[in-house]
Amino acid sequence: MPCSTGSTTGFSSHLHNPFLALVHPSTTESQGEAWGFSLVYTGSFAAYVEKGSQGLTRVSFGFHPHQLSWPLGPGETLVSPECVAVYSSEGLGGMSRSLHRLYRNHLIKSKFATSGRPVLLNSWEGLYFDIDQDRMYRLAEQAADLGMKLFVMDDGWFGKEFPRTSDNAGLGDWVPNPVRFPDGLPALVEKITNLKVAGSTDNLEFGIWVEPEMVNPQSTLYKQHPEWALHAANYPRTEQRNQLVLNLALREVQDFIIKAISDILECANITYVKWDQNRGVSEMPSPSTTHAYILGMYRVFDVLTTRFPDVLWEGCASGGGRFDPGILQYFPQVWASDDTDAVERITIQFGSSLVYPPSSMGAHVSAVPNHQTGRITPFTFRAHVAMMGGSFGFELKPDDISEEERAAIPGLIALWEKIKPLVLEGDLWRLSLPEESNWPAALFVSNDGSQAVLFFFQLAANLNHTMPRVRLQGLEREVMYRVDGQGPFSGAMLMNLGLQYSFQTNYASKVVFLERQ
């Protein structure tokens with residue numbers, strides 16, 4: 001029997017990403033053979049691995065057979081998704097770097113693939129649904145004063161007949177709530193984008209959250225077009241998170257979404273869109289609907305990203321539920337997880353980097369106690385973890401953080417600006433894994449090898465232990481390097497002997513710069 005994995009949620013899902021790697025039992029991060037297979041598709045999928053009696057191993061990757069029955073008339077065709085296959089003789093790390101380069105340079109079409117990611121403040125974990133035009137302007141003022149360059153208004157801004165004051169109403173009605181935003185969206189955006197960013201000649205940019213593939217039964221759209229929601233004949237419609245899924249297999253639904261989002265982006269100077277999706281597909285009218293939905297979704301993405309090439313689009317699906325190459329064709333970054341706990345995020349970001357470039361990951365500094373885990377971690381530790389993703393930002397209420405933390409933000413932003421080119425364009429070397437070590441570490445090396453940045457973490461204090469040592473990789477053995485201005489040291493020494501640092505507490509971190517002489 002073949003080993004199998006896959007998704008039947010209608011999307012790539014949180015459960016099983018459309019990727020697998022085959023490795024020998026002796027293969028490590030840096031040594032041994034690894035074969036990687038990555039499906040360029042966002043819908044339900046199936047992967048099978050089988051070793052035959054002749055000793056050959058076969059991988060089959062594509063549509064999920066339980067969720068596809070596609071009618072084909074004379075002369076019609078069905079195009080199956082592409083599957084990227086890579087081979088590495090340098091372990092899982094070599095496999096990952098091949099996929100990263102491929103996706104950065106040849107899959108992600110956005111102008112923002114390796115550049116132009118402003119530091120942002122997102123309103124969600126600071127205010128949740130408790131927003132209005134005055135609170136948004138106040139939060140944007142604080143973002144600009146702290147040196148952030150993009151302010152993102154998250155959920156809760158829309159709905160006229162059915163105001164979006166919680167998650168039980170409003171989805172589908174993409175007009176500003178007139179009670180919360182009596183001056184309208186264009187006036188608010190103009191006011192916010194006239195703010196000057198501290199320490200810069202730039203004006204603050206404005207971004208917005210949408211979830212256009214969904215509809216609440218409590219919405220004007222649903223009252224007018226209940227037939228647009230996915231449903232199976234007269235069977236009851238099952239809500240998740242108080243919402244249903246719009247049937248993007250229908251051309252009229254696609255056109256509605258394209259117009260609704262175009263109207264928003266054309267009414268004001270909006271330069272960032274966070275596109276969310278918070279439930280799976282169920283109750284399909286036919287077995288062909290899941291794939292037809294994905295094709296319709298891709299059409300919507302293609303039209304909008306082509307029409308608005310200067311907008312930075314971020315994909316989200318309750319976090320990383322649609323983190324896949326199909327999405328990355330259109331959106332250069334994906335919100336890797338709704339879990340913003342920094343300790344959890346180390347594992348999430350290391351794991352996502354098996355196939356996806358760190359440049360494609362959104363990562364934010366959130367408040368403590370963390371809203372998902374209750375854990376308390378140092379501000380700098382949270383920032384260093386978030387800096388390993390290509391879109392660095394904050395998701396908190398500045399009024400609720402300490403003066404010391406507020407004072408640290410400009411310096412952390414300056415540090416990120418120095419790190420950013422290496423994360424967006426460089427090669428990643430996972431030096432020590434969080435599931436194997438108390439001291440996870442990663443190194444980003446520039447394409448020309450002239451610069452590198454080391455992220456080094458301690459998860460738990462260990463006082464009766466020698467200072468942890470991290471051996472670097474990806475350097476040139478005979479070349480000399482300066483390490484945070486010290487040295488020079490040979491690449492051979494840094495890779496064989498490594499670097500050693502002392503940490504005193506739980507959740508400690510260090511960022512180290514290397515420069516070739």
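Start by selecting Trp-174 in this predicted model: Trp-174 is buried, with a relative accessible area of 9%. Then add Trp-209, which is buried as well, at a relative accessible area of 1%. Show both side chains and look at the rings. Their centres are 6.5 Å apart and their planes meet at 55°, so this pair counts as tilted. Now colour the chain by secondary structure: Trp-174 sits in the loop between strand E8 (150–153) and helix H4 (185–193), while Trp-209 belongs to strand E9 (residues 205–210). The pair therefore links distant parts of the chain, 35 residues apart.

Next stop: Tyr-41 and Phe-63. How are these two rings arranged? They form an edge-to-face pair, 5.5 Å centre to centre with 85° between the planes. Tyr-41 is in the loop between E3 and strand E4 (45–51) and Phe-63 is in strand E5 (residues 57–63), so the pair ties together parts that are 22 residues apart in sequence. Both residues are buried.

For a group of rings, select Trp-275, Tyr-298, Phe-301, Trp-313, Tyr-330 and Phe-331; ring pairs link them into a cluster.

Rings can have charged neighbours too. Select Phe-11 and Arg-322: the arginine lies over the face of the ring, at 4.9 Å from its centre. Then try Trp-335, where Arg-345 lies over the face at 4.6 Å from the ring centre.

Time to look inside. In soluble globular proteins, nonpolar side chains tend to be buried together. Here, the largest nonpolar core has 131 residues, and those touching the most other members are Phe-151, Met-153, Trp-157, Trp-275, Trp-313, Phe-394 and Ile-419. Helix H11 gives the most to this core, with eight residues. Domain 1 (120–425) and domain 2 (429–516) both contribute residues, so the core lies between them.

Zoom in on Met-153 and show what surrounds it. Among the residues Met-153 touches are Ile-131, Met-136, Phe-181, Leu-185, Phe-206 and Trp-209, the last of which you met at the first stop. Apart from this core lies another, of 23 residues, including Trp-429, Val-445, Val-470 and Val-483.

Finish with helix H1, residues 91–107. Its 17 residues reach 23 Å from first C-alpha to last, close to the 24 Å expected. Which residues of H1 are buried? They include Gly-91, Met-95, Leu-99, His-100, Tyr-103 and Leu-107. To see what covers the buried residues of H1, show strands E2 (19–23), E3 (34–39), E6 (83–88) and E17 (427–432), together with helices H8 (325–328) and H11 (403–425), which are among the covering elements.

Notes:
Residues are numbered from 1 along each chain as its sequence is written. This is a predicted model: local features need pLDDT of at least 70, side-chain atom pairs count only at pLDDT 80 or more; totals for chains, interfaces and linings use all residues. Side-chain values use heavy atoms; hydrogens and water are left out. Helices (H or I, at least four residues) and strands (E, at least two) are DSSP runs, numbered from the N terminus. The expected span of a helix is 1.5 Å times one less than its number of residues. Buried means under 20% relative accessible area, exposed over 50%, partly exposed in between (1.4 Å probe, protein chains only). Contact means heavy atoms within 4.5 Å. A nonpolar core is a set of buried Ala, Val, Leu, Ile, Met, Phe, Trp, Tyr and Cys residues joined through side-chain atoms within 4.5 Å. Domain bounds come from an automatic or database domain assignment. Rings of Phe, Tyr and Trp (its six-membered ring) pair if their centres lie within 6.5 Å; planes under 30 degrees apart count as stacked, over 60 as edge-to-face and the rest as tilted. A charge sits over a ring if NZ of Lys or CZ of Arg is within 6 Å of the ring centre and within 35 degrees of the ring normal. Lists of a residue's contacts leave out its neighbours within four places in sequence.
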